[in-house]
Structures are given as structure tokens and as C-alpha cells.
Amino acid sequence: MTVSKMIRGTMILTIAAFVSRLLGIFFVFPYHALTGDDGVNLYQYAYTPYAIMLSISTMGLPLAVSKFVSKYNAVGDYEAGKRLFKSGILIMTVTGILGFLILFLGAPAFTALYGFHADLYPKVVFMIRIVSIAILIVPVMSLMRGYFQGFQSMGPTAVSQVAEQIFRVAFILIGAFLVIKVFNGTVLTAAAIATFAAFVGSVAGLYVMMHYWVVRRPYLQKMQQNIADRRYKMSYRSMYKELVTYAFPFVAVGIAMQLYQLIDQLMAYHYFEYSPELINIINADLTMNDQKMVMIPVVLATSLASSAIPAIITSYSKKDLNDVTNKITQAFELVLFFTIPASIGLSSLGYMVHSYFTLNPEQLQIGGQILTWYAPTAIFFALFQVTASVLQGINRQKVTLVSLGLGILVKILLNPVCMKTIGMVGPIVATDIGYFLCILINLISIKKATGYQFSLMGLQLVQMIGYTTLMVLVINLIFLIFGGRVPHSRSSATVIIIFCVVAGAMTYLGLAKWTGLLKKIAGHLKVQ
């Protein structure tokens with residue numbers, strides 16, 4: 001595989017992941033407008049355990065299978081990947097069925113952990129059972145994606161991801177609109193359709209993969225026939241043992257955020273000292289509304305930085321630690337250059353942005369405060385994902401499991417205390433501390449493995465923080481001119497947001513250009 005082909009494939013997946021994630025973020029605005037906090041909570045209470053069960057059922061397959069197939073293809077052993085694919089279809093079908101049964105039959109037990117009042121309990125059980133159907137399909141689709149990626153054929157996975165998300169989001173919004181606006185149905189029905197959309201999207205994604213399989217199968221077979229039969233055949237036990245070592249870290253990174261969300265959801269009704277109505281509002285903002293906004297800065301930064309990971313893998317395999325150091329620095333600089341100003345800017349605009357969800361004074365005060373505190377957490381989200389990817393690149397993926405486990409333990413221990421003492425922003429503080437510990441452990445491991453000197457980032461980090469501080473001063477000046485940070489209408493919020501984004505971006509990018517930082521970051525993008 002040529003370097004240019006590797007970079008091209010990585011960028012295809014990066015763009016597809018970026019588009020897919022943005023679709024998954026921005027659908028929340030119209031969906032909330034149609035169903036309110038009740039619809040958002042019903043959807044998220046079901047979707048969080050589904051996402052965790054799905055990650056476990058698929059076992060991190062797309063990237064793990066890709067790594068396995070690519071490794072053995074490189075030495076001409078196409079048979080190993082072929083045998084993995086054939087046996088994997090059966091295993092993924094079984095894990096899909098098991099995942100479905102566990103979630104479907106276990107829905108009452110899962111729901112009981114939330115501590116809901118009697119009226120909400122049967123609704124959430126219903127939601128979980130509906131969304132569990134999608135687990136029957138996704139594992140097989142994930143295996144096919146990973147197999148194609150192992151041949152450096154990224155197009156099928158990219159198209160499948162985007163198609164899955166488009167069909168899912170379209171089904172959610174069209175279904176909710178028809179139920180609420182046309183047929184005057186209930187929020188429960190609209191939320192049920194929204195959760196069933198996971199199945200609709202997975203069917204669309206699987207159809208795309210099946211299409212590519214039919215079209216490209218003759219080419220794959222021809223490639224395998226050109227290689228002489230190998231006497232040695234890896235045992236299935238060895239094959240899956242190796243696959244599992246690749247897969248677990250990918251699972252850990254994939255479910256990290258869902259685990260933190262699940263902890264908040266499970267503890268909300270037990271430790272928040274608010275009325276059930278207020279907890280309903282807070283939960284909707286913590287786990288869906290504001291949480292989706294927080295992911296906006298993360299998506300672009302991590303998508304760009306992840307494109308450096310294949311180069312890290314290549315350099316580390318060649319023992320070229322100087323190049324590894326350069327690539328790690330590039331990944332960190334890309335993440336921090338975009339995430340720091342975007343997350344702090346979003347925090348400053350917390351009340352303005354949340355006005356798109358509601359203009360109710362009480363709800364706006366709650367949601368705006370949560371977003372103001374939550375937005376900086378995007379920096380931790382991004383750094384955890386990138387450090388975990390770097391550890392994968394230098395073959396230290398087990399460290400990710402340790403750091404995640406310790407971070408989750410700290411989150412569980414601190415959450416009740418923070419909820420009772422700090423209130424609605426308590427879970428955010430506990431999340432920040434948990435992620436900080438994860439990142440610290442990952443960074444120490446990176447330093448031990450590569451000898452990386454974090455002082456290389458010192459000057460750039462100081463510049464980014466300084467420019468961001470000046471950007472915030474400009475935003476606050478605009479607030480002073482327009483009469484405060486809490487809007488009175490969506491139109492006024494839109495005007496203020498536009499002014500703040502334009503002025504803030506000009507300040508930050510202007511200073512970065514003046515000092516040469518922008519040119520350096522642009523150089524990293526060209527290299528990617």
C-alpha cells in the first residue's frame with residue numbers, strides 16, 4: 001500500500017465520519033421542537049444502553065478487522081482475512097441475536113435502575129425494546145466495513161456510514177413530524193419512531209455494503225487467487241485471540257462517552273435534589289440537547305487529527321521515533337487549535353445557543369447554565385480520543401482500557417457527591433475529573449513509550465490560550481453592546497451569535513496569523 005493511498009483512504013473516512021456525526025448532532029434541533037424534553041428523554045434513555053450494547057456486540061469490529069486483514073494482506077496471506085470474514089459472519093450474527101435478546105428481555109431490569117416514577121417506567125421499557133431490533137443487523141454490517149477497509153477500500157464504509165445516518169435522521173424527523181403535526185399523535189409514538197429509526201438506518205447501511213460486496217467480490221477473489229496457497233493456516237483460536245486484542249481498545253473508546261452519560265442518567269433520580277419535572281429538563285440538556293452542542297467542536301478537531309494516526313503507525317513500526325514525535329505534536333496541535341477556541345466560545349454563547357431549544361425563562365436558565373459549564377469539556381473529550389488513537393498507533397492500546405476504567409470509577413464515586421453539593425452542573429465536574437485522569441494516564445504512557453517531550457507544545461498552547469482569552473473579551477464586549485448574554489428572542493440570539501462568531505474568529509485567527517501559528521497549523525493540514 002502506498003502512502004498516498006493510505007492518506008486518501010483515511011481522508012475519505014474522515015470526511016464521511018464528519019458528515020455522519022454532524023447529521024447526528026443537528027437533528028436534535030427539529031426533533032426537540034417537535035417532541036420537547038419528554039421526547040428527547042424517552043429517546044436518550046433508550047439510545048444510551050443501546051449504544052453501549054451495540055459497541056459490545058460489534059466488538060469494535062470495523063477498525064479491528066481492518067487492522068487484522070490489512071496486516072495479513074501485506075504479507076500475502078489473503079486466506080487469513082477470508083477465513084476471518086466467513087467465520088465472522090456467523091459469529092456476528094450470533095452476537096447480534098444475543099445482544100438483541102439481552103436488551104429486549106432485560107429492558108425492564110435496565111429501566112428499573114433509572115429509578116423512574118411509575119408512569120415513565122413502561123414507556124422507557126417500550127423504547128428500549130424497539131431500538132434493540134437494530135442490533136440484529138449492525139454487527140454483520142460492521143464486519144463487512146472492516147473487511148473492505150482491510151483492503152484499503154474505504155469508499156464502501158464511507159458511503160454506508162453516510163447512508164445509514166441520512167436514512168436514520170430522515171426517518172426520525174419525518175416520522176415525528178407526521179405523528180405530532182399531521183396525525184396529532186403522542187410524544188411516545190414519535191419517540192418510538194425515532195428509536196426505530198436506528199433499525200431503518202442500519203438496513204440502509206447494510207444494503208450499501210451488500211451492493212459493494214456484489215460489485216467488488218470478483219476483484220477480491222481474483223486478488224486471492226494470484227497468491228499461492230500457504231501451507232500454514234492460522235487456527236481460529238489464534239485468529240480471534242489476536243482480533244480481540246485489537247478490538248477491546250476500540251470498544252473502550254467507542255463507549256466511553258455513553259458510559260459517562262449512562263452514569264448520569266442512572267443517578268439523576270437518586271441524587272439530584274430537584275423535583276421530577278426539573279430533573280426531566282436537566283437530563284434532556286445533560287445527555288442530549290447541550291451534549292450534542294458540545295460535540296460540535298470535538299467532531300472537526302478529532303476528524304482532522306485522526307488522519308495523522310496511520311502515519312504514526314508507519315513511523316513507529318520503522319522505529320523512527322523522531323517522526324513519531326512530530327506526528328504526535330501535529331495531532332495535538334490540530335486538536336487544541338480548533339477545540340480550545342470553539343469550546344470556550346460555545347461556553348460564552350451558552351444561553352444564546354440554548355435559546356434555539358427554548359425561550360422559557362426557567363428552562364433557558366437551566367440549559368444555558370449547563371451548556372456554559374459543559375462546553376469546555378469538549379477539550380477533554382477530544383484529547384481522550386486523540387491520546388487513545390495515538391496509543392493504538394504505538395501498540396499501547398491496553399493502557400486505554402486501564403485509563404478508561406479508572407476514569408469511570410472516579411466518575412461513579414464523585415457523581416453522587418457533586419450532584420448533591422453542586423447541583424445540575426455536578427455531573428459535568430465529575431466528568432471533567434474522570435476524563436482528566438484518563439488523559440493524564442494516556443499521556444504518561446505515550447511519554448514512556450516514545451520519549452515524547454510535552455514542552456514541544458508549550459509555546460503553541462500558551463498562544464492558543466492567550467488568543468482565546470482575547471476572543472472571549474471581544475465576545476463579552478458584544479454582549480455589553482447588545483444588552484447581556486441572555487437573549488429575549490431567537491432572532492436577537494441569531495444576530496448576536498453571528499456577530500460573536502465572526503468577531504471571535506477574526507480575533508483568534510488574526511492573532512494566529514500574525515504570530516505564524518496559523519501557517520504552522522495549515523502546514524499540518526497539507527501534510528495530512
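# A walk through an all-helix predicted model

Ile439 has its place in helix H18, and this residue is a convenient starting point for a reader who has the predicted model in view. With a relative accessible area of 6%, Ile439 is buried, because a residue counts as buried when that value is under 20%. Leaving aside the neighbours within four places in sequence, Ile439 is in contact with Phe380, Leu383 and Phe384. Another residue to look for around this position is Ala388, which stands 51 residues away from Ile439 in sequence, although the two C-alpha atoms are 8.5 Å apart in space.

From this one residue the view can be widened to the whole chain. The protein chain has 21 helices and zero strands, and of its 528 residues 56% are buried. When contacts between residues at least 6 apart in sequence are considered, 83% of them join residues that are at least 24 apart.

Helix H18, which runs over residues 426–450, can now be followed to a partner, helix H13: the axes of these two helices come within 11 Å and cross at roughly 160°. That angle makes H13 roughly antiparallel to H18, since angles over 145 degrees are counted in this way. On the side of H13 the residues that meet H18 are Leu321, Val324, Ile328 and Phe332, and on the side of H18 they are Leu443, Ile446 and Thr450. Sorted by class, the contact of H13 with H18 has six nonpolar residues, one polar residue and no charged residues.

A second pair of helices, H7 and H8, can be read in the same manner. Helix H7 covers residues 138–150 and helix H8 covers residues 155–182, and their axes, which come within 9 Å, cross at roughly 150°. H7 and H8 are therefore roughly antiparallel to each other. Here Met141, Arg145, Phe148 and Gln149 of H7 meet Pro156, Thr157, Ser160, Gln161 and Glu164 of H8. The residues of this contact between H7 and H8 divide into three nonpolar, four polar and two charged.

Following the chain onward from H8 leads to the loop between H8 and helix H9 (187–225), where Asn184 is found. The phi angle of Asn184 is near 55°, a positive value in a residue other than glycine. As a general background, most residues other than glycine have a negative phi. Asn184 counts as exposed, at 64% relative accessibility.

Helix H10, spanning residues 236–271, contains Met267, and this methionine is buried, with a relative accessible area of 12%. Not counting residues up to four places away in sequence, Met267 touches Phe272, Ile412, Asn415, Pro416 and Met419. Met267 can also be related to Gly115, for the two are 152 residues apart in sequence and 8.3 Å apart in space, C-alpha to C-alpha.

The next feature is an open space rather than a residue, namely the second largest pocket, whose volume is about 680 Å³. This pocket is lined by 26 residues, and those that lie nearest its centre are Ile296, Pro341, Ala342, Leu346 and Val501. Several helices take part in the lining: H1 (3–26), H11 (276–306), H13 (321–348), H19 (458–482) and H20 (490–515) each supply at least two residues. The largest share, seven residues, comes from H20. By class, the lining of the second largest pocket divides into 24 nonpolar residues, two polar residues and no charged residues. H13, already met as the partner of H18, thus returns here among the helices that supply the lining.

Helix H20 also holds the last residue of this tour, Arg490. Is Arg490 buried, partly exposed or exposed? Arg490 has a relative accessible area of 35%, so this arginine is partly exposed, because values between 20% and 50% are given that description. Once residues up to four places away in sequence are set aside, Arg490 touches Ser355, Tyr356, Phe357, Thr358 and Leu359. His354 can be added to this picture, as Arg490 and His354 are 136 residues apart in sequence, while their C-alpha atoms are 9.6 Å apart in space.

Definitions and conventions. Residues are numbered from 1 along each chain as its sequence is written. This is a predicted model: local features need pLDDT of at least 70, side-chain atom pairs count only at pLDDT 80 or more; totals for chains, interfaces and linings use all residues. Side-chain values use heavy atoms; hydrogens and water are left out. Axes are lines fitted to C-alpha atoms, for helices over the stretch in contact, and angles run from 0 to 180 degrees between N-to-C directions. Helices (H or I, at least four residues) and strands (E, at least two) are DSSP runs, numbered from the N terminus. Angles under 35 degrees count as roughly parallel, over 145 as roughly antiparallel, 65 to 115 as roughly perpendicular and the rest as oblique. Contact means heavy atoms within 4.5 Å. Ala, Val, Leu, Ile, Met, Phe, Trp, Tyr, Cys and Pro count as nonpolar, Asp, Glu, Lys and Arg as charged, and the others, Gly among them, as polar. On a 1 Å grid over the protein atoms alone, a cavity is a set of points where a 1.4 Å probe fits but cannot get out, and a pocket is an open set with protein on both sides within 12 Å along at least five of seven lines; lining residues have an atom within 4 Å of a point. Grid points are joined across faces, edges and corners, and a volume is the space filled by probe spheres set on the points. Buried means under 20% relative accessible area, exposed over 50%, partly exposed in between (1.4 Å probe, protein chains only).
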